[in-house]
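I opened the notebook to go through this structure one topic at a time, beginning with charged pairs. Each entry records what I looked up and what came back.

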Amino acid sequence: MTTWRLRTSLSLLLVASTAVTFTLVGSVILLYRIPVINNEAEVSVQAEASEKARLLEFYLTGVEAQLHPVAEIADNGTPKILQPLLEAIVKDGDPFLGVYLVDGNGIIRAAAFAEQKYLRAHSVIGADLSRTPLFANLTERTSQWSDKYLSASSGKIVIGVGYRHHQWRVIAELAPETLRDSVAAIAGSSLDAQLIVDQNGEWIADNQKQAPRRENLGADPVVKAALESPGSVSRVAGEKQDSFVGSARPLSLGWVFIVTRPAGLDNPDIHRTVALLGFGFVGALLVGLLIAPWWARSLSAPMQRLIRRTHCLAAGDYSDSTREMSHIVELNELDKDLRLMTDAIRERETSLARSEERLRATIENPPAVAIQWFDRDGICRYWNPASTNIYGYTETETVGRSLSDLIYTQEQQQEFVSLIREIERTGRPVPAIELQLRHKDGYPIVVLCSIFAIPGPAGDQQFVCLDIDITERKRAADSVQASKQELEFIFNASPVPMSVCDMDRGARITKVNDAWVRQFGRKPADVYGKTGLDIDLYLNPADRETFFGAFAHNNKTFDDMECWFKHADGTPILCRVSARIIEVSGQRLMVAASEDITTLRNMATELRQMNEELEARVIQRTAAWSEANAELELALVHLEQAQDELIRSEKQAALGRMVAAVAHELNTPIGNGLMAMSTLEAHQKEFKEAMSETLKRSQLEAFVGNVGTAAEIGVHNLRRAAHLISSFKQVAVDQTSSQRRKFDLKQLIEELLTALQPMISRSGNQVTANIPPGIKLDSHPGSLDQVLSNLIENAFIHAFGKQPGGLVSIVAETTAAGRVRLLITDNGCGIPPENLSRIFDPFFTTRLGQGGSGLGLNIVQNIVNSILGGDIEAESSPGNGTRFTLTLPVAAPQQARGEESA
């Protein structure tokens with residue numbers, strides 16, 4: 001009988017027991033686990049495909065969201081304004097290679113590309129994308145991702161994404177390779193093969209870094225099975241191995257996300273299970289062989305080991321991982337408990353360290369969320385880097401301090417502490433509120449602030465404040481609101497009466513501007529939501545059918561229709577109507593402009609009547625002018641007789657020398673009047689001939705202008721002649737011919753200069769006026785016109801002579817005690833001192849026989865003193881020009897000599 005030592009026997013027994021145990025247990029495990037692993041793999045690949053597809057859809061939704069602001073801003077801006085935004089989106093091609101802003105007809109209105117060396121944005125402006133599948137799909141859907149296609153702009157294989165907002169579409173192009181990194185990030189550390197294909201089996205992206213790639217995978221069995229039944233799992237037999245294929249198709253993309261894992265014994269989980277069992281079997285044998293020789297060792301060694309491990313554990317050293325067993329059950333249990341306690345402490349400390357690291361990363365890494373911690377008194381206890389980015393203050397400047405001297409005002413600090421106390425009392429967080437704070441550099445910042453409580457280190461509470469900088473978002477919103485208000489202001493400020501009707505609601509009025517309200521006398525509240533028939537707008541209701549019939553065949557434009565309307569008081573109004581049909585947010589609106597041409601039509605009618613009477617009037621006036629000419633000739637004879645009488649008197653000697661000059665002066669205005677009337681007669685004949693044909697508006701306007709010009713010239717020259725005659729009949733101005741009224745000084749002088757413009761232009765000189773607005777006079781405008789005309793004419797004749805280039809300036813200013821001062825200054829030759837005191841004397845002139853009568857300034861002085869109730873003074877020196885200063889009362893004297901009674 002063979003005998004064995006106890007150590008050998010125990011060693012062989014331990015080895016045999018270990019081998020048999022692992023063989024039986026391993027076989028049972030394999031028989032149970034292989035089907036379970038296959039079932040788990042089948043379920044896992046489909047779950048993973050659905051989850052990864054959801055993550056991909058979420059990621060692509062974020063990519064697509066970058067296009068939303070472009071389309072939304074396009075409603076209130078222009079493609080030119082959006083160009084910098086498009087260029088900012090494409091940047092360096094991450095993720096977009098190009099972005100297009102497309103209108104509702106498919107025409108590119110703006111574009112930007114990451115690779116400018118291959119393509120210039122302006123080269124594609126105006127291109128038509130209406131036939132592309134992506135644009136066509138956007139007519140039915142708000143957003144759409146396309147299959148791979150060849151870009152007509154860059155010549156590259158790209159993936160398109162589009163977003164529709166109202167009438168605008170924003171289309172962006174991405175390189176398929178761009179999605180590969182995203183798919184790898186979504187896949188994480190998964191060993192499963194992951195693939196994305198479009199509906200045609202074209203490769204989009206995968207997570208295989210070294211695997212060869214084909215563009216079209218539609219013939220691949222795995223891809224084919226996924227395309228035929230997306231959303232289900234199948235087992236596909238391959239040349240080398242079988243695979244479980246899980247697939248999912250996101251609703252918003254149309255692509256298929258495929259996850260494959262080897263099936264059967266090729267499954268890596270089965271490989272690992274078999275390998276683990278094999279390693280366990282071998283390891284168990286080795287452990288048994290090593291433990292058996294020391295099986296009989298005394299209890300001192302295990303006890304020393306346990307004591308040593310306890311000391312290490314107390315010192316925080318968990319590195320002792322030996323697992324020696326003892327024959328004593330209690331020692332084994334104690335060793336096991338120490339091991340479990342060591343593992344639990346190590347796991348908890350590791351978990352705590354990871355939690356602290358995640359919390360620190362969560363708080364410190366967000367670039368746009370400012371996080372601060374405060375105690376119950378509003379003292380800052382923590383300040384993350386994002387807070388420094390937003391407010392400019394560092395952690396050193398803020399921690400341990402109240403922020404009232406930094407970003408808060410005193411009032412805001414008090415309100416902030418009140419909110420903290422309210423949270424401390426109720427336990428409820430403060431929802432997001434909008435605050436206007438200040439940056440370290442002093443400029444304001446608008447933030448969205450949320451406050452809630454967290455446990456403090458000493459059992460108390462700390463209060464977390466989350467701030468998000470919305471300054472730019474607020475500024476953009478204010479800009480959009482300002483744009484809307486500006487459009488509303490422009491609409492109401494337009495001088496053209498305009499109305500807006502909803503064509504989808506039977507052409508009911510939705511908006512009218514102020515000009516429309518003034519023209520038709522109807523309040524907006526009385527017309528909104530009603531049709532023109534409801535408010536009895538049309539004089540003839542049949543005109544409405546004719547007007548809206550113009551839009552029956554999808555016409556969007558209608559111009560120059562004449563239609564009779566009714567004012568609120570029943571007065572007929574003839575309008576020229578123009579309209580446009582536009583679409584805003586899917587709503588068909590008609591914008592109509594109604595120009596009142598009633599007065600114009602009446603003027604045309606009156607003009608026809610006036611034209612019929614014009615020939616008779618011209619004949620009558622020609623006869624009257626002939627009689628006036630005869631009277632003037634008779635007056636000339638009387639003046640010659642007066643000359644003989646003046647010769648007898650020394651005082652009237654000067655008048656005799658002026659007779660010849662007076663005759664010359666009379667012939668000039670009379671000749672000008674005759675010339676104006678003859679020109680008017682010629683224009684009348686031309687106008688009469690034009691009336692026999694089609695009369696144009698321009699011809700009518702030209703004829704009216706010619707009539708006015710001729711009448712103005714004739715009246716002006718006849719007045720000049722009459723003035724010369726009356727000047728010699730009496731030096732004193734007859735005040736009874738001056739009528740009194742209230743007038744604006746600036747308007748009066750501007751009208752006077754307009755009437756004198758022909759004379760000013762012929763002279764080659766200039767007359768300027770600087771009259772402040774708002775100066776109102778209650779006086780005699782005709783007399784003031786005469787004074788200013790005489791002073792201007794006097795300057796042209798005496799100050800400038802025949803030399804052009806002179807300047808006469810008229811300046812007005814108000815003085816105390818209700819008076820106005822007029823300064824009439826020229827830059828002419830000036831007046832010698834010996835003549836300055838005589839310029840207002842009757843018959844004093846230095847141009848006898850050359851157009852000067854010597855009565856002009858005397859008449860001016862009489863008008864200013866007697867009629868206007870003011871004073872006139874003259875300042876001059878040779879070579880320095882002359883200045884006349886008129887000081888006039890705002891209200892002329894009521895009892896001025898010769899004034900007509902009211």
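**Entry 1: charged pairs**

I began with Glu595 and Arg576, whose side chains meet in a salt bridge with an N to O distance of 3.3 Å. Because Glu595 lies in strand S20 (residues 587–596) and Arg576 in strand S19 (residues 572–584), the pair ties together parts that are 19 residues apart in sequence. I then looked up how open the two partners are: Glu595 is partly exposed, at a relative accessible area of 42%, and Arg576 also counts as partly exposed, at 25%. I note here that the model is a predicted one, and that every value I write down is computed from it.

How many salt bridges does the structure hold? The count came back as 19, and I followed up two further pairs from it.

In one of these, Glu750 forms a salt bridge with Lys746, the closest N and O atoms being 3.3 Å apart. Both sit in helix H21, and because they are four residues apart there, about one helical turn separates them. Glu750 is partly exposed, with a relative accessible area of 41%, while Lys746, at 28%, counts as partly exposed too.

In the other, the side chains of Arg381 and Asp375 meet at 2.8 Å, N to O. I asked whether each partner is buried or exposed, and the two fall into separate classes: Arg381 is partly exposed at 42% relative accessibility, whereas Asp375 is buried at 15%, because the cut-off for buried is under 20%.

**Entry 2: nonpolar cores**

Which residues touch the most other members of the largest nonpolar core? Out of its 42 residues, they are Leu745, Leu784, Leu822, Ile824, Phe884 and Leu886. I listed the elements that give two or more residues to this core: the helices are H21 (745–755), H22 (757–763), H23 (781–799) and H25 (856–867), and the strands are S24 (807–815), S25 (819–826) and S27 (882–889). Of these, H23 gives the most, with eight residues.

I took Phe884 from this set and looked up its contacts, leaving out residues up to four places away in sequence. Phe884 touches Leu791, Leu822, Leu823, Ile824, Ile839, Phe840, Leu857, Ile872, Glu873 and Ala874. I also recorded a second, separate core of 41 residues, which includes Ala74, Leu86, Leu174 and Phe244. As background, I wrote in the margin that nonpolar side chains tend to be buried together in soluble globular proteins.

**Entry 3: a five-stranded sheet**

Next I traced an open sheet of five strands, which has the order S2-S1-S5-S4-S3 with antiparallel pairing. Its edge strands are S2 (108–113) and S3 (143–150), each of which pairs on one side only, and the twist from one strand to the next averages 20°.

Which element packs on this sheet? It is helix H3 (residues 79–90), which touches S1, S2 and strand S5 (168–174), its direction making about 30° with that of S2. I looked further into the pairing of strand S1 (residues 96–102) with S2, which runs in the antiparallel sense over five bridges; Tyr100 stands opposite Ala111 in S2.

**Entry 4: Ile713**

I looked up Ile713, which has its place in helix H20 (residues 697–729) and counts as partly exposed at 31% relative accessibility. Leaving aside neighbours within four places in sequence, I found Ile713 in contact with Asn672 and Ala676. I also checked Leu674, which is 39 residues from Ile713 along the chain, and the C-alpha atoms of the two are separated by 9.8 Å.

**Entry 5: cysteines**

How many disulfides does the count give? It comes to zero. For Cys380, the nearest cysteine sulfur belongs to Cys465 and is 9.5 Å away, so Cys380 falls outside the cut-off of within 2.5 Å for a disulfide. Cys380 is buried, with a relative accessible area of 0%. Cys575 is in no disulfide either, the nearest cysteine sulfur, that of Cys563, being 7.8 Å away, and at 0% relative accessibility Cys575 counts as buried.

Notes: Residues numbered from 1 in each chain as written. Predicted model: local features only at pLDDT ≥ 70, side-chain atom pairs only at ≥ 80, totals over all residues. Heavy atoms only, no water. Core = buried A, V, L, I, M, F, W, Y, C linked by side-chain atoms within 4.5 Å. Buried < 20%, exposed > 50% of the residue type's maximum accessible area, 1.4 Å probe, protein only. Contact = heavy atoms within 4.5 Å. Pairing = 2+ DSSP bridges. Axes fitted to C-alpha atoms, helices over the stretch in contact; angles between N-to-C directions. Salt bridge = Lys/Arg side-chain N within 4 Å of Asp/Glu carboxyl O.
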